[in-house]
Amino acid sequence: MGYKDIYDRFISAIHRGDLKPGERAPSIRSLAQELGVAKKTVESAYDILIGEGYLVSRGPRGTVVNPDLVIDSAYWNQSPTRLEDPDLRTVVDLRDTRGFFQLGIPSLDEFPYKKWLLLSGKAVRSMTYEDMNYPPVMGHLPLRQAIANYLSISRGVNCTADQVFITNGYNSSLRLILEAMASSSDKVVFEEPGYFFGQKLLERRGQNLHYAPVDSEGVNVDFLETHHNDAKLVIITPSHQSPLTVSLSLPRRHQLLNWAQERRAWVIEDDYDGEFHFSRKNIPSLKSLDVFDRVIYVGTFSKTIMPSLRTAYVVIPKALIPQFYETAEIVETGLPLLPQRILESFISSGAFFKHLKRMRSLYESRRRMVRDAFIEIYGDFFDMPLQNGGMHIVAFLKHGAQDRELCHIWQSHNLQVLPLSMCYAQKKHRKYGLVIGYTNIKSKQEAISALRLPYQQTLELL
Ligand SMILES: Cc1ncc(COP(=O)(O)O)c(C=O)c1O
């Protein structure tokens with residue numbers, strides 16, 4: 001019996017009402033004895049159940065079913081909605097299920113909750129009648145100011161608060177940009193491979209969508225010059241390419257900016273995890289080199305703080321400010337004010353910088369530890385080169401193309417890895433492998449135990 005079986009038993013017992021909110025769960029030791037498994041196995045199941053909010057640890061007083069848990073009895077009887085598109089099914093599963101190796105999630109165990117709680121309390125207590133009115137559609141001005149300050153210090157982006165628009169995530173940033181500046185017939189170039197959700201959004205919009213290949217120096221700018229001189233927008237991830245994690249080389253950065261200026265194209269820089277670069281030299285953003293003001297910079301707090309905050313931002317070139325204001329007034333509604341005020345005080349108090357610094361060194365060590373564990377077990381089947389940064393690692397299959405089948409197996413063990421091939425829109429350039437998030441793995445032992453779960457099935461498949 002593995003931790004997943006124990007996890008499943010708890011979930012069904014809780015949903016069936018056999019275990020009620022507030023009721024005590026057995027101690028790890030006694031349950032391990034009862035089931036004849038290692039303490040670690042029960043501990044892993046409890047960790048996930050606690051992380052998902054089903055159980056609450058009361059320290060020495062043991063673990064109980066979360067007293068605030070609301071159980072929907074219809075849950076158990078409903079049949080899950082079936083998605084036809086296998087690509088979407090994998091990703092929707094990924095977004096909905098929490099598990100080991102989940103991609104792009106910050107180390108939630110290390111978040112400074114006490115500080116956040118303190119600042120939240122202060123923000124709530126200082127609410128005024130004014131704060132209960134409609135929030136500004138471009139975002140809370142002090143937060144926009146704090147982001148502008150942060151970006152100029154940390155990412156070399158010189159901008160003023162009126163260039164910063166707050167959105168509720170990457171998709172909403174991209175939708176705002178497209179709404180403000182592109183009709184569906186305008187040519188948009190996306191990276192190949194690239195960020196799955198961005199690609200799907202553009203496809204769904206019926207955008208005139210094309211691709212530019214990525215190699216070890218990032219997106220191939222020669223290819224852009226040869227094939228896409230008429231592009232209006234180019235969407236790239238220069239700091240750590242998504243998903244390959246390579247950084248766009250300096251010569252290519254200059255080549256791209258000159259090209260954009262010459263062709264009157266706009267570059268969207270998606271700097272989703274640029275903060276987490278581990279080589280001695282911190283990587284500056286592409287925007288910091290943008291003397292022509294052709295780069296629209298997109299950032300998010302999903303990676304630096306927490307995804308549930310649903311807060312991201314766009315930095316608009318000065319020439320585009322009026323058309324963005326006009327668009328936002330019509331298509332945006334603004335974000336809830338309170339979380340914006342909490343976030344603003346988190347940044348302005350210095351807690352954000354402190355947190356980033358801690359996370360940078362934590363991620364560097366967790367990344368190496370997960371890689372070592374992976375190579376120890378699966379080194380015969382995969383190459384796993386480490387780039388200079390990023391919140392995930394790519395394991396390339398040495399032979400074969402069965403990364404999707406492999407992911408289905410791994411996901412059945414609650415290992416939420418992503419097939420690399422899914423990030424390619426076109427078959428001809430496709431590479432195969434696993435994209436693995438490492439940030440929430442706390443020890444090498446934990447990594448090894450999790451990685452061993454699908455070992456036999458992986459061997460049989462490969
Ligand atoms: C390439 C890329 N861009 C942007 C984002 C940020 O998305 P959001 O701000 O919606 O959380 C992610 C998150 O995983 C990502 O992988």
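**Close-up views of the predicted model**

**View 1. The shell of residues around the ligand divides into three nonpolar, four polar and three charged.** In this division, Ala, Val, Leu, Ile, Met, Phe, Trp, Tyr, Cys and Pro count as nonpolar, Asp, Glu, Lys and Arg as charged, and the others, Gly among them, as polar. This is a predicted model, in which local features need pLDDT of at least 70 and side-chain atom pairs count only at pLDDT 80 or more, while totals for chains, interfaces and linings use all residues. Residues are numbered from 1 along each chain as its sequence is written, and side-chain values use heavy atoms, with hydrogens and water left out. The residues around the ligand, each with a heavy atom within 4 Å of it, are Gly169, Tyr170, Tyr195, Ser242, Asp270, Tyr272, Thr300, Ser302, Lys303 and Arg310.

**View 2. Asp270, Thr300 and Arg310 each bring a side chain to the ligand.** The contacts in this view are polar (a pair of N or O atoms within 3.5 Å; within protein, one must be able to donate a hydrogen and the other to accept it, and residues adjacent in sequence count only if both atoms are side-chain atoms). An N or O atom in the side chain of Asp270 is 2.6 Å from a nitrogen atom of the ligand. An oxygen atom of the ligand lies 2.7 Å from a polar side-chain atom of Thr300, and a polar side-chain atom of Arg310 likewise lies 2.7 Å from an oxygen atom of the ligand. The ligand taken alone exposes 400 Å², of which the protein buries 88%, the areas coming from the Shrake-Rupley method with a 1.4 Å probe.

**View 3. An open sheet of eight strands has mixed pairing.** Strands (E, at least two residues) and helices (H or I, at least four residues) are DSSP runs, numbered from the N terminus, and two strands pair if DSSP finds at least two bridges between them. The order in the sheet is β4-β11-β10-β9-β8-β5-β6-β7. Because β4 (164-167) and β7 stand at the edges with a single partner strand each, one side of each is left without a neighbour in the sheet. Within this order, β8 (residues 233-236) and β9 (residues 266-270) pair in the parallel sense over four bridges, where Val234 has Val267 in β9 as its bridge partner.

**View 4. Strands β5 and β6 are joined by a crossover, and β6 and β7 by a hairpin.** Six bridges pair β5 (residues 187-192) with β6 (residues 208-215) in the parallel sense, and Leu209 in β6 stands opposite Val188. From β5 the chain passes through helix α9 (residues 196-204) to β6, making a β-α-β crossover that is right-handed; that is, with the strands pointing away from the viewer, the path from the first strand over the helix to the second runs clockwise. β6 then runs antiparallel to β7 (residues 218-219), with two bridges joining them, and Asp215 has Gly218 in β7 as its bridge partner. Two residues lie between the strands of this hairpin.

**View 5. Loops after β5 and β8 hold Pro193, Pro243 and Thr245.** Most residues other than glycine have a negative phi, and most peptide bonds are trans. The bond that joins Glu192 and Pro193 is cis, with omega about 5 degrees, and Pro193 lies in the loop between β5 and α9. A cis peptide bond also leads from Ser242 to Pro243, with omega near 10 degrees. The loop between β8 and α11 (250-263) is the place of Pro243 and also of Thr245, which has a positive phi of about 70 degrees although it is not a glycine.
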